[in-house]
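Subject: Structure for you to look at

Hello,

Here is the structure I said I would pass on. Please open it first and then read the notes below it.

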Amino acid sequence: MGKFLKSRMMTTMIPYFILALAVIIAWHLIGLWGTFAAGLGRFWGIITPFMYGLLVAYILNMPCSFIQRMLEKIKKPFITKHSRGFAVLILFIFLLGLFALLLNLVIPTIYRSILLFIAEFPNYQQSLFTFIDSVNSWDFLDFFGDFHIDSDAIIASLTGMVTSFADNFDGENVAAIATIIGNVFGSLFSTMFHGILMIVSSIFLLVQRDAILGFVRRLVSAFSSEKTNAFIMKYAGKLNYNFRMYIFTQTIDGIILGTLMTIVLAIAGSPYFLVLGLMLGIFNYIPYFGSIVGTAVALVVVAFTQGMGIALILLPIMFFIQQMDGNFIQPKLMGGAFTLSPLLIIISVTIGGAYAGILGMLMAIPIVAVLKDILDGIMDYREKKKEAQARIRNEAESLNTPDYFNPNDYDVNRY
């Protein structure tokens, strides 16, 4: 009897022991979370160049595949056999030529714009202080009490900071400056190295695209059931379509928006119209935030360089172009491919940017669109299943079915 009670007590205590063990393991895992997160962040930093290389290869695969199809039409055995490699070579030669052309056309303009900004900086500074004085003269600011922006105090504060640094300049400052310069050169070297890794990895990914895709398909098929494999392939295809659609539409939309803004800024007489228009077109790749930030920067530059009056005139014009782009041009280009609410776009872009930087912001919308499709599919299935079970239940009640009837025993797919 004692052995029976003892064994029963041990059996009863097993769930509590498992629970205590789980709590201890969870506590240790929480303690190690900082180390795990740091390791994950370091790993992400290592693979980031390859992820950007994957993005570049994905974008370039569209024109590369077109060139490959053109080469295969030549029907020469040697060219057909190596059509992918020749297509990648031709594409990169074309891109290098295009880059050289842009350097000759755009870079001198940007360089002259920078030199002009430096030369005109004292005038821009004076314009800023004139604007501050005009703000101080606004009568409605009396509502906020003794509101006053003291430009002399701002200048005195900046001058004091420079003077204090000069007076205290010693060996420690020299070491600090040397450290800063070293960090800058280190960052430049790291950026160049990551850029080279990105380009090299994108070339290999383009050349070996078919082999990589074949391996991934085999891997998924080997470690998943037929139903799971079909599910993965279905939504991988949707994700691929979303990425292609997003990149294509954002590129076309960026060209349209950048061109319109460049024309408006040129008509307004801005000496930096080309630089600002190019910036707005590039910023447009970042959904929702990109065009807003780019427009704000352009208006600030116009306010400094041409005066607040011109900036206030351009504000409604640029706002109108932005709204026309967001409500007419983009929906027409996307054709309803990304029917996401603005709030969901803001949340997804913010989370993507927080975890993966610019790459995360670019990938956020296509990924969220696919996740929304999956969730919609699950909800549709559940709703149809409930409707079918309700119909079976109603039929059973109308036929005075016994109480032991279970609607789950019936085939709901017939509905």
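Phenylalanine 86 has a relative accessible area of 29%, so it is partly exposed. This is a predicted model, and every value in this email was computed from it. Phenylalanine 86 forms an aromatic pair with phenylalanine 78. A pair of aromatic rings is described by the distance of the centres and the angle of the planes. Here the centres are 5.9 Å apart and the planes are at 65°, which makes the pair edge-to-face. Phenylalanine 78 counts as exposed because its relative accessibility is 54%, and the cut-off for exposed is over 50%.

How many aromatic pairs does the structure hold? There are 3. Another one of them joins tyrosine 58 and phenylalanine 243, again edge-to-face, with 5.9 Å from centre to centre and 70° between the planes. This pair links distant parts of the chain: tyrosine 58 belongs to helix H2 and phenylalanine 243 to helix H9, 185 residues apart. Phenylalanine 243 has 13% relative accessibility and therefore counts as buried, since buried means under 20%. Tyrosine 58, at 24%, counts as partly exposed.

Now the chain as a whole. The secondary structure comes to 13 helices and 0 strands, so if you read along the sequence you meet one α after another. Of the 415 residues, 25% count as buried. The chain exposes about 28700 Å², and carbon and sulfur atoms supply 72% of that area. Among contacts with a separation of 6 or more, 62% are between residues 24 or more positions apart.

Next, the nonpolar cores. The largest nonpolar core has 16 residues, and those touching the most other members are Met261, Leu276, Leu280, Ala298, Leu314 and Met318. Which helices each supply at least two residues of this core? They are helix H9 (226-267), helix H10 (273-283), helix H11 (289-306) and helix H12 (308-334). Apart from this core lies another, of 10 residues, including Leu60, Ile67, Ala87 and Phe92.

Leucine 276 is a useful residue to click on. Leaving out residues up to four places away in sequence, leucine 276 touches Leu265, Ser270, Ala298 and Val301. Valine 301 lies in helix H11. Its C-alpha atom is 8.8 Å from that of leucine 276, and the two residues are 25 apart along the chain. With neighbours within four places in sequence set aside, valine 301 is in contact with Tyr272 and Leu276.

Valine 56 can be looked at in a similar way. Valine 56 sits in helix H2 (residues 33-72). Its relative accessible area is 25%, so valine 56 is partly exposed. Its contacts, not counting neighbours within four places in sequence, are with Met198 and Ser202. The C-alpha atoms of valine 56 and leucine 206 are separated by 9.3 Å, although these positions lie 150 residues apart in the numbering of the chain.

On the surface there is a nonpolar patch made of Phe94, Leu98, Leu101, Leu102 and Leu105, which together have about 490 Å² of accessible area. Leucine 98 is part of helix H4 (residues 83-119). Is leucine 98 buried or partly exposed? Leucine 98 counts as partly exposed because its relative accessibility is 36%.

Last, the salt bridges. A search of the whole structure finds 2. In one of them, aspartate 376 is bridged to lysine 372, and the closest N and O atoms are 3.3 Å apart. These two residues are 4 apart in helix H13 (residues 342-398), so about one helical turn separates them. Both ends count as partly exposed: aspartate 376 at 27% relative accessibility and lysine 372 at 28%.

The other salt bridge is between aspartate 210 and arginine 209, with 2.7 Å between the closest N and O atoms. Aspartate 210 has a relative accessible area of 45%, so aspartate 210 is partly exposed. Arginine 209 also counts as partly exposed, at 23% relative accessibility.

Regards

Conventions. Residues numbered from 1 in each chain as written. Predicted model: local features only at pLDDT ≥ 70, side-chain atom pairs only at ≥ 80, totals over all residues. Heavy atoms only, no water. Patch = residues over 30% accessible without salt bridge, like charges linked within 9 Å, V, L, I, M, F, W, Y side chains within 5 Å. Areas by Shrake-Rupley, 256 points an atom, 1.4 Å probe, with all protein chains shown as cover. Salt bridge = Lys/Arg side-chain N within 4 Å of Asp/Glu carboxyl O. Buried < 20%, exposed > 50% of the residue type's maximum accessible area, 1.4 Å probe, protein only. Contact = heavy atoms within 4.5 Å. Core = buried A, V, L, I, M, F, W, Y, C linked by side-chain atoms within 4.5 Å. Phe/Tyr/Trp six-rings, centres within 6.5 Å; stacked < 30°, edge-to-face > 60°.
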